[in-house]
Amino acid sequence: MSKLTSSLSTGPVPVAPSSRGAKTRERIFSAAMQILSDGQSEDINIEQLAAAAGVSKGTVYYTFGSRAQLPQVLLDYGTERLRAAVLRATESVRDPRQGLQQGIYASFEFLYEHPGFARMWLQEGSRQVGFSQELLGLRQDVLGDLHRMVSRLALNYHPDSAQDVSAISVALFGAMFMLSVDRTVHGTQRSAEDATRTVMLIVDGYIHL
């Protein structure tokens, strides 16, 4: 499988960063996610972020833009990195169930490494009635990737025809993010392997395994 995108996905599948600038971006992003996971603040300020990342305020502004832009740019970047991690984990896997399992595991590895990301996603979505257009676009990208992987299960298995692929995709998305938030907020000691096995119960029920 060369791509994870589908007709539901509005954005291109990203590639992993490699330049020095990209490493700085990753460093700032990781610091922001740690601040959120520690519960230090629901609103990250530039000074706090610069200190945590060990860079100047100017570097933060140059890398992620203004304070007003920061939440959306962090979400954009985090979603790009999440999708890239899933692509790397699944692109050479031929069996669709195994590919989906590895994609879910890669998602948990990313969410556990950046524990504030799922929390920030839900936080930004709750700030207003309904998601912003930008956040809806990111949601569509992730669901599009999941929709493609779930659809491929029919190549080797016998999915429940009474179930909707889009609904299964949303269920997987919600389960992964909520399990991540549960670990971050409540300190639940659940490994990525255990979390993956839990989410795969949805998949295995769908394909009658």
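This report walks through the fold, the core and the confidence of one predicted protein chain.

Since this is a predicted model, local features need pLDDT of at least 70 and side-chain atom pairs count only at pLDDT 80 or more, while totals for chains, interfaces and linings use all residues. Residues are numbered from 1 along each chain as its sequence is written, and side-chain values use heavy atoms, with hydrogens and water left out.

Let's start with the fold. The protein chain holds nine helices and zero strands (DSSP runs of H or I with at least four residues, or of E with at least two, numbered from the N terminus). Of its 209 residues, 49% are buried, meaning under 20% relative accessible area with a 1.4 Å probe, protein chains only. Among contacts (heavy atoms within 4.5 Å) with a separation of 6 or more, 74% join residues 24 or more positions apart.

Now to the core. The largest nonpolar core (buried Ala, Val, Leu, Ile, Met, Phe, Trp, Tyr and Cys residues joined through side-chain atoms within 4.5 Å) has 56 residues, and Leu 172 is one of those touching the most other members. Helix H8 (residues 165-186) gives this core its largest share, eight residues. Beyond four places in sequence, the residues that Leu 172 touches include Leu 100, Leu 146 and Val 203.

Finally, confidence: pLDDT, the predictor's confidence in each residue, runs from 0 to 100, and the chain averages 86.

| Helix | Residues | Mean pLDDT |
|---|---|---|
| H6, lowest | residues 117-126 | 82 |
| H9, highest | residues 192-206 | 98 |

Over residues 1-10, pLDDT stays under 50, and residues 12-18 also stay under 50. Where pLDDT is low, the predicted coordinates should not be read in detail.

Technical notes. Buried means under 20% relative accessible area, exposed over 50%, partly exposed in between (1.4 Å probe, protein chains only).
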